[in-house]
Amino acid sequence: MQAKGEFYISRRYTREDYYDCHMDSLNDQNWEKAMEIFDDRIRGRYLKPIHTLMHDPNCNGFTIMAIACLLVETLYQFREGIDVTRHVGDSYVRFLTEEFDYFYNNEELAHHFYTDIRCGILHSGQTKNDAYLTVDHNQCFMENGHIVVSVRGFIRCLEDYYHKYRYRILRGNTCRADRLRQNFIRKMDYICDGNRNA
């Protein structure tokens, strides 16, 4: 987003703020600042709007889930260090089953979420195949062949993953953390270098 001649990558930070971190995946020195910038981006663009809408999930569940689906894809791209998700369906399902307790090891449920909720909302403006959102439960489940997704439950699951991801990166000193850090830098480089409308 451009404002006052600067390119902002979050509500408060410009890409120059990120460049000033001089990120190196093996150097702990500037990770706190980089994660502060990342947190400002994720909270400002996704989580704060979700929480504003959560005051009335009965009326706003559809919009909440649209933002949540965008955030899932964003977090996947950060985890993988990619600019654009390729093979979106397979990637989305794999990410949900690997990282989200809601879907852990349940590919059928994750697939229905991807096709009937995510693709339905983002591509057609409606859920598909009799899938529906609810505020009456805290879980995601199959009922008579269609998926039922708790708006509150899914947001809680999404935020749990977000906090775990940040913790893994800041904790460092593991092979997984090193890979996550390298991929984080790669994704931020795409954001800062490749897109004037970041």
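**Two bent helices, a pocket and two asparagines**

Hi everyone, let me start at a small spot on the surface: Asn 144 is exposed, with a relative accessible area of 74%. Asn 144 sits in the loop that joins β4 (140–143) to β5 (146–150). Its backbone is worth a look too, as phi of Asn 144 is positive, about 55°, although the residue is not a glycine. Before I go on, please keep in mind that this is a predicted model.

Now, a second asparagine. Where does Asn 129 lie? You will find Asn 129 in the loop between α5 (107–124) and β3 (132–134). Here phi is near 55°, again a positive value in a residue other than glycine. Is Asn 129 buried or exposed? Its relative accessibility is 56%, and the cut-off for exposed is over 50%, so Asn 129 counts as exposed. And while we are on positive phi values, Gly 81, just after α3, has one of about 70°.

Let's move to the helices, beginning with α2. This helix runs over residues 31–53, which makes 23 residues. At 1.5 Å a residue, α2 should span 33 Å, and the C-alpha atoms at its ends are 31 Å apart, so the two values agree. Still, α2 has a bend of about 50° at Arg 43. Several of its residues are buried, among them Trp 31, Met 35, Phe 38, Arg 41 and Tyr 46. What covers them? The cover over the buried residues of α2 includes α1 (15–19), α3 (57–80), α6 (151–171) and α7 (175–194).

One of those partners, α3, has a kink as well: about 35°, centred on Thr 63. How many of the 24 residues of α3 are buried? The count is 18, and α3 is mostly covered.

That brings me to the last stop, the largest pocket. Its volume is about 160 Å³. If you want to click through the lining, pick Arg 41, Tyr 46, Leu 70, Glu 73, Thr 74, Gln 77, Phe 78, Lys 187 and Ile 191. Which helices supply at least two residues each to this lining? They are α2, α3 and α7, and α3 gives the most, with 5 residues. Sorted by class, the lining has 4 nonpolar, 2 polar and 3 charged residues. Two names from α2 may sound familiar: Arg 41 and Tyr 46 are among the buried residues of that helix, and both also line the largest pocket.

That's my tour, thank you for listening!

Conventions. Residues numbered from 1 in each chain as written. Predicted model: local features only at pLDDT ≥ 70, side-chain atom pairs only at ≥ 80, totals over all residues. Heavy atoms only, no water. Helix = DSSP H or I, 4+ residues; strand = E, 2+ residues; numbered from the N terminus. Expected span 1.5 Å × (residues − 1). Bend = angle between axes of the 7 residues up to and from the residue. Buried < 20%, exposed > 50% of the residue type's maximum accessible area, 1.4 Å probe, protein only. Contact = heavy atoms within 4.5 Å. 1 Å grid on protein atoms, 1.4 Å probe; cavity = no way out; pocket = protein on both sides within 12 Å on 5 of 7 lines; lining within 4 Å. Points joined across faces, edges and corners; volume = space filled by probe spheres on them. Nonpolar A, V, L, I, M, F, W, Y, C, P; charged D, E, K, R; others polar.
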